[in-house]
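Please work through the exercises below with the sequence and the coordinates open beside you. Each task is followed by a solution that goes step by step.

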Amino acid sequence: MPTAQTDLRRVRQNVADVRARVGPGVGIWATIKADAYSLGAAAVALAVRDAVEGFCVFALEEARAIDLWKLTGREAIAMGPPSTLDPEPYLAARVRPAVSTVEQARALRTARPVLCADTGMQRFACPPERVDEVLQAGGIDEAFTHATRLEHVRMLEALVGGKVARRHAAATALLGEPAAHLDAVRPGLALYRGALRVAAPLLEARDSRGPIGYTGWTSPTGRHGVIRAGYSDGLRPGPALVNGRRQQITEVGMQTAYVTLAPQDRPGDTVVLLGDGLTEADVAYAWNATPHQVLVTLGKFRA
Ligand SMILES: *Cc1c(COP(=O)(O)O)cnc(C)c1O
């Protein structure tokens with residue numbers, strides 16, 4: 001089976017790169033939802049706690065599961081819809097709930113809710129015409145939006161400008177836009193790029209004879225091998241590195257997959273599925289997926 005490892009030094013370096021980009025005055029709230037995109041939320045949080053202002057999770061339960069406040073001494077924001085309207089568990093975990101309705105804001109007022117404003121995503125966020133009511137109902141001093149374009153950021157500014165002390169919008173996609181940094185950024189992917197390495201030993205390596213596998217594919221190198229990972233593990237056809245050479249995962253079966261090989265590749269040699277210069281973006285392109293999807297899929301091979 002493949003094994004996956006998280007390079008926490010790389011994650012720390014990535015945080016430092018984000019800091020260099022946004023400057024000292026902008027908060028970095030590290031997004032560690034979905035087990036830090038399956039790189040391991042507890043380990044990541046511990047590794048970066050001194051370099052960030054706080055953390056973002058999707059749901060309160062994710063912070064509780066790793067005792068985030070005890071682990072890091074940093075607050076978190078639960079960006080998804082509230083999982084309860086009882087403020088107590090939020091207060092105990094030092095997690096601020098995102099709210100989008102008057103009912104949520106009122107019920108969770110003592111947990112210092114954060115307004116999630118809708119600037120286009122049209123899901124668990126407050127429509128523009130209700131922003132003022134929700135701000136009032138929750139005594140809210142912080143607001144954010146899911147933003148993929150600068151126009152979303154501008155809309156947030158227009159909606160809450162002068163009404164809250166802190167506003168944030170940018171995830172990884174907008175880190176390159178200084179106008180999107182506002183008071184804080186919430187990077188996820190930018191912290192994890194290059195930090196996951198996934199590799200599997202070659203089970204077999206052989207000279208090809210005629211059409212191969214279920215689909216009858218032909219190896220352009222005249223050789224092929226097999227690894228023990230398949231579509232039941234989420235693997236898909238795409239690039240791989242074998243002994244430093246770029247090869248292809250050509251056909252993926254239930255629990256095994258074929259890979260093209262060079263003449264000198266032998267059983268037991270390492271097939272790198274991600275890392276060593278093979279990027280999430282390279283694999284995502286082949287998978288017709290996002291780098292986020294590649295990480296959460298291949299990260300599942302972590303021991
Ligand atoms: C997931 C998420 C982020 C982080 O997104 P990346 O593209 O991984 O940087 C930031 N903000 C919100 C609201 C999110 O849901």
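The exercises go from the whole chain to its empty spaces and then to single residues.

The model is predicted, so that local features need pLDDT of at least 70 and side-chain atom pairs count only at pLDDT 80 or more, while totals for chains, interfaces and linings use all residues. Residues are numbered from 1 along each chain as its sequence is written, and side-chain values use heavy atoms, with hydrogens and water left out.

**Exercise 1. Describe the protein chain as a whole.**

Step 1. Begin with the secondary structure, which comes to 12 helices and 16 strands; these are DSSP runs numbered from the N terminus, with helices (H or I) of at least four residues and strands (E) of at least two.

Step 2. Take the extent next: the C-alpha trace spans about 70 × 35 × 35 Å along its principal axes.

Step 3. Turn to burial, where 51% of the 303 residues are buried; buried means under 20% relative accessible area, exposed over 50%, and partly exposed in between, with a 1.4 Å probe and protein chains only.

Step 4. For the surface, the chain exposes about 13,800 Å², of which carbon and sulfur atoms supply 50%; the areas come from the Shrake-Rupley method with a 1.4 Å probe, and for residues only the protein chains shown count as cover.

Step 5. Finally, among contacts (heavy atoms within 4.5 Å) between residues at least 6 apart in sequence, 60% join residues at least 24 apart.

**Exercise 2. Characterise the pockets and the cavity.**

Step 1. Fix the terms: on a 1 Å grid over the protein atoms alone, a cavity is a set of points where a 1.4 Å probe fits but cannot get out, whereas a pocket is an open set with protein on both sides within 12 Å along at least five of seven lines, and lining residues have an atom within 4 Å of a point. Grid points are joined across faces, edges and corners, and a volume is the space filled by probe spheres set on the points.

Step 2. The largest pocket holds about 480 Å³ of space. It is lined by 20 residues, and the closest to its centre are Lys33, Tyr37, His146, Ala171 and His292. By class, its lining divides into 11 nonpolar, six polar and three charged residues, where Ala, Val, Leu, Ile, Met, Phe, Trp, Tyr, Cys and Pro count as nonpolar, Asp, Glu, Lys and Arg as charged, and the others, Gly among them, as polar.

Step 3. The second largest pocket holds about 180 Å³, and of its 13 lining residues the closest to the centre are Arg10, Asn14, Asp17, Ala190 and Arg193. Helix H1 (8-22) and helix H11 (280-287) are the elements that give two or more residues to this lining, with H1 supplying the largest share, five residues. The classes here are four nonpolar, four polar and five charged.

Step 4. A search of the whole structure finds one cavity of 30 Å³ or more, and the largest cavity has a volume of about 50 Å³. Its lining consists of Leu235, Arg236, Gly238, Pro239, Ile249, Leu273, Val283, Trp287 and Leu298; strand E13 (238-242) and H11 each give two or more of these residues. Seven of the lining residues are nonpolar, one is polar and one is charged.

**Exercise 3. Place threonine 119 in its surroundings.**

Step 1. Locate threonine 119 in the loop between strand E6 (114-116) and helix H8 (131-138).

Step 2. Why does threonine 119 count as buried? Threonine 119 counts as buried because its relative accessibility is 6%.

Step 3. List its contacts, leaving aside neighbours within four places in sequence: Thr145, His146, His152, Met155, Leu156 and Leu159.

Step 4. Add the polar contact of 2.7 Å between the side chains of threonine 119 and threonine 145; such a contact is a pair of N or O atoms within 3.5 Å, where within protein one must be able to donate a hydrogen and the other to accept it, and residues adjacent in sequence count only if both atoms are side-chain atoms.

**Exercise 4. Examine two residues with positive phi.**

Step 1. Aspartate 67, in the loop between helix H4 (60-65) and helix H5 (68-72), has phi near 50 degrees, a positive value in a residue other than glycine. Aspartate 67 is partly exposed, with a relative accessible area of 40%.

Step 2. Asparagine 288, in the loop between H11 and helix H12 (291-298), has phi near 55 degrees. Asparagine 288 counts as exposed at 73% relative accessibility.
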